[in-house]
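Visitor: I'm new to reading protein structures, and I'd love a close look at a single part of this one. Could you pick the sheet and walk me through it, then show me how the rest is arranged around it?

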Amino acid sequence: MSYYQNRNTGSMEPPPLSNKLRLYHVDMNPYGHRVQLILEAKRVQYEVYKLDPLRLPEWFKAKNPRLKIPVLEIPTESGDKFLFESVVICDYLDEKYTRRPLHSRDPFVKAQDRLLIERFNELIKGTLECFDTNFAFGGEQILQTVDILEKELASRGTNYFGGDTPGMLDYMIWPWVERLYLLRCINQAKFEQKRAVFPNFADWGDQMQLDPAVKKLSHAPMEYLEYYKNARTNSLEFYV
């Protein structure tokens, strides 16, 4: 079972690690959410140090001059090491912790999944723009990307992109899909209409919500709606 600990944001640097990983994370950050999903799916021992992206401690800036969040701190014999970029962190975790491999062992499928993750960047960009302005539903970038994923699920003929259980691609895109559910709070009828247009994607989303790692880290749509209403736009530059 993963070890999860919250720490207060402050100027005091945390102690060196011993037998667990440490994730430096910002509340409601989808990139950190992505890393936590992999940690939970792998059942890795870890703790979370919460940060305010607008008030980063000096010791953190010294270790992370690019000011990237999330950051994974890893204990080694030569001292604690740091990994940046959520995609890199997740790949490292899958290679380091062999329990329940999340990447496909088929090189072609793995490459195809990589391409889909890159394509999903369009959805990431679209959702941030959408939620940061007027929550307009139906942005072309979002619909185009969901259509690609809908067709990919249909062609694979599986419950998840990873097959019978969620794989790396499923977890990598889930944080943004979970946030899309806030649109249900804005226009329920329109949201249900879109579900009917993308039945495979809608079913996939329903099944993902039953996954233990997803359930443990989930937030309700209304929580996301309130967060994006109140979020300061200049904090988004710290997401990676």
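Guide: Let's begin with one residue, Tyr-24, which stands opposite Tyr-49 in strand 2. On the strand 3 side, the bridge partner of Tyr-24 is Val-71. Keep in mind as you look that this is a predicted model.

Now widen the view to the strands themselves. Strand 1 covers residues 21-25 and strand 2 covers residues 46-50; the two run parallel and are joined by five bridges. Strand 1 also pairs with strand 3, residues 71-74, but here the sense is antiparallel and there are three bridges. As a bit of background, strands of a sheet pair through backbone hydrogen bonds, either parallel or antiparallel. Put together, the four strands form an open sheet in the order 2-1-3-4, and the pairing is mixed. Strand 2 and strand 4 (81-84) stand at the edges with a single partner strand each, so one side of each has no neighbour in the sheet. From one strand to the next, the twist averages 25 degrees.

You might expect an edge strand to be open to the outside, so look at strand 2: four of its five residues are buried, which leaves the strand mostly covered. Helix 1 (residues 30-42) lies across strand 1 and strand 2, and runs at about 155 degrees to strand 1. Helix 3 (residues 86-96) packs on the sheet as well, where it touches strand 1, strand 3 and strand 4, and its direction makes about 120 degrees with that of strand 4.

The loops beside these elements deserve a pause. Between strand 1 and helix 1 there is a loop that holds Met-28. The phi of Met-28 is near 70 degrees, which is a positive value in a residue other than glycine. Met-28 is buried, with a relative accessible area of 15%. Next, follow the chain to the loop between helix 2 (58-63) and strand 3, where you find Pro-70. The peptide bond that joins Ile-69 and Pro-70 is cis, with omega at about 10 degrees. A third spot is Arg-100, in the loop between helix 3 and helix 4 (107-132). Arg-100 has a positive phi too, near 55 degrees, and is not a glycine either. Arg-100 is partly exposed, with a relative accessible area of 29%. To see why such spots catch the eye, remember that most residues other than glycine have a negative phi, and most peptide bonds are trans.

From here we can step into the interior. In soluble globular proteins, nonpolar side chains tend to be buried together. In this model the largest nonpolar core has 54 residues, and Tyr-171 and Trp-204 have the most contacts inside it. Helix 6 (residues 168-180) gives the largest share of this core, nine residues. Apart from that core lies another one, of nine residues, including Trp-59, Phe-60, Ile-69 and Val-71. Two of those names are familiar: Val-71 is the partner of Tyr-24, and Ile-69 is on one side of the cis bond.

Tyr-171 is a good place to see how parts of the chain meet. Leaving aside residues up to four places away in sequence, Tyr-171 touches a list of residues that includes Leu-37, Ile-38, Arg-100, Met-208 and Val-214. Arg-100, from our loop, is among them.

Helix 6 also packs against helix 9 (residues 199-208), at an angle of about 95 degrees and with the axes 11 Å apart. That angle is why helix 6 counts as roughly perpendicular to helix 9. From helix 6 come Asp-170, Tyr-171, Ile-173, Trp-174 and Val-177, and they meet Phe-201, Trp-204, Gly-205 and Met-208 in helix 9. By class, this contact has seven nonpolar residues, one polar and one charged.

Helix 9 has another neighbour, helix 8 (residues 188-197); their axes come within 5 Å and cross at roughly 110 degrees. This pair is therefore roughly perpendicular as well. Arg-195, Ala-196 and Val-197 of helix 8 make the contact with Pro-199, Ala-202 and Asp-206 of helix 9.

Finally, step back to the whole protein. Its secondary structure comes to 11 helices and four strands, and 48% of its 240 residues count as buried. Among the contacts with a separation of 6 or more, 73% are between residues 24 or more positions apart.

Notes
Residues numbered from 1 in each chain as written. Predicted model: local features only at pLDDT ≥ 70, side-chain atom pairs only at ≥ 80, totals over all residues. Heavy atoms only, no water. Core = buried A, V, L, I, M, F, W, Y, C linked by side-chain atoms within 4.5 Å. Buried < 20%, exposed > 50% of the residue type's maximum accessible area, 1.4 Å probe, protein only. Contact = heavy atoms within 4.5 Å. Axes fitted to C-alpha atoms, helices over the stretch in contact; angles between N-to-C directions. Parallel < 35°, antiparallel > 145°, perpendicular 65-115°, else oblique. Nonpolar A, V, L, I, M, F, W, Y, C, P; charged D, E, K, R; others polar. Pairing = 2+ DSSP bridges.
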